[in-house]
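Welcome, and thank you for taking a look at this protein with me. Let us walk through its pockets and its helix packing, one step at a time.

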Amino acid sequence: MPKPISYQSINHPLYQRFTDWLRQIEPTISSEQILTPWRRLVSRYSEAHRHYHTLTHLERMFADFDIVMNQLYSPSLVALAIFYHDIIYDPKQSDNEAQSAEFMQTELRFYLQPKQIARIKSLIIMTASHKLAAIGGIRESDAAYFLDLDLSILGSTWNDYQQYAKAVRLEYRHVADYDYQQGRVSILQSLLAHNRLYLSDDYYERLESVARDNIHREIELLML
């Protein structure tokens with residue numbers, strides 16, 4: 001059973017953001033047209049198996065988005081990528097990013113131009129590797145900020161990081177402790193192998209060191 005949906009109110013800030021950014025691209029879209037994809041979005045992010053990849057994750061990203069928005073060349077496309085980047089999330093599957101990109105294309109194809117859809121898809125797909133890839137029409141700096149927003153939790157306080165790590169473990173509660181330990185350590189070590197966790201200079205300067213310290217601490221706890 002899905003979690004009770006409390007975010008469908010049109011008075012909720014995420015709904016207003018969704019409306020505003022869609023209308024930045026397509027000013028003629030009606031409230032009735034917006035409500036249907038909004039409800040589907042809420043339903044997906046409220047699935048019972050989610051504990052980290054929820055609407056709260058989107059809220060955190062948008063809180064940071066507000067700080068960097070003036071640095072973006074295409075904020076509306078980045079905003080819609082935020083909304084849809086985890087709309088498909090099944091921890092038992094390995095292609096959630098590609099499925100999320102396809103879901104977004106199906107959902108927004110009547111409101112956005114094909115080039116805009118393609119650019120948002122590319123941003124979403126990059127979250128699989130968190131590495132920059134060539135995107136026609138999207139500035140590299142926009143892609144860097146988008147990926148950094150998604151990983152901002154890594155550079156949070158240790159208390160917030162621990163809550164994040166616990167939520168991720170709950171999403172993988174179907175995995176035995178030993179197997180989870182091995183898989184999680186492998187993922188964390190692959191992150192540490194990146195030359196930079198954060199691709200924008202702003203995030204790199206502020207959060208890189210803290211994020212690496214947090215990851216090392218989680219690995220140490222997992223190995224106890």
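What you see is a predicted model, and our tour begins at its second largest pocket, whose volume is about 250 Å³. To find the second largest pocket on your screen, look for W158, Y161, Q162, A165, K166, R169, D177, Y180, Q181, E218, L221 and L222, the residues that line it. Helix 8, helix 9 and helix 10, the last of these spanning 201–222, are the elements that give two or more residues to this lining. Which helix gives the most? Helix 8 does, with six residues. Sorted by class, the lining of the second largest pocket has six nonpolar, two polar and four charged residues.

Now turn to the largest pocket, with a volume of about 890 Å³. Its lining is made up of 32 residues, and H53, E97, T127, Y172 and I187 are the closest to the centre of the pocket. Helix 5 (96–108), helix 8 (158–171) and helix 9 (177–192) each supply at least two residues of the lining. Helix 9 provides the largest share of this lining, eight residues. By class, the lining of the largest pocket splits into 15 nonpolar, eleven polar and six charged residues.

Helix 9 has come up at both pockets, and it makes a good bridge to the next topic, the packing of helices. Two packed helices can be described by the angle between their axes and by the distance between those axes. For helix 9 and helix 10, the angle is about 155° and the axes lie 10 Å apart. An angle over 145 degrees counts as roughly antiparallel, and helix 9 and helix 10 are therefore roughly antiparallel to each other. Their crossing is left-handed. On the helix 9 side, the residues that meet helix 10 are Y180, Q181, R184, V185, L188, Q189, L191 and L192, and their partners in helix 10 are R212, I215, H216, E218, I219 and L222. This contact holds eight nonpolar, three polar and three charged residues. You may recognise Y180, Q181, E218 and L222, which also line the second largest pocket.

Next, let us move to helix 6, which covers residues 114–126. Start with its packing against helix 4 (residues 75–84): the angle between the two is about 55°, and their axes are 9 Å apart. That angle makes helix 4 oblique to helix 6. The crossing of helix 4 with helix 6 is right-handed. Helix 4 brings L77, V78, L80, A81 and Y84 to the contact, while helix 6 brings Q116, R119, I120, L123 and I124. Counting by class, the contact of helix 4 with helix 6 has eight nonpolar residues, one polar and one charged.

Helix 6 also packs with helix 7 (residues 140–150), at an angle of about 45° and with the axes 10 Å apart. Helix 6 is therefore oblique to helix 7, and the crossing of these two helices is right-handed. Here L123, I124 and M126 of helix 6 touch A143, F146 and L147 of helix 7. How do the residues of this contact divide by class? Six are nonpolar, with no polar and no charged residues. Look once more at L123 and I124: they take part in the contact of helix 6 with helix 4, and they belong to the contact with helix 7 as well.

Terms used. Residues numbered from 1 in each chain as written. Predicted model: local features only at pLDDT ≥ 70, side-chain atom pairs only at ≥ 80, totals over all residues. Heavy atoms only, no water. Axes fitted to C-alpha atoms, helices over the stretch in contact; angles between N-to-C directions. Helix = DSSP H or I, 4+ residues; strand = E, 2+ residues; numbered from the N terminus. Parallel < 35°, antiparallel > 145°, perpendicular 65-115°, else oblique. Left-handed = near helix turned anticlockwise from the far one by under 90°. Contact = heavy atoms within 4.5 Å. Nonpolar A, V, L, I, M, F, W, Y, C, P; charged D, E, K, R; others polar. 1 Å grid on protein atoms, 1.4 Å probe; cavity = no way out; pocket = protein on both sides within 12 Å on 5 of 7 lines; lining within 4 Å. Points joined across faces, edges and corners; volume = space filled by probe spheres on them.
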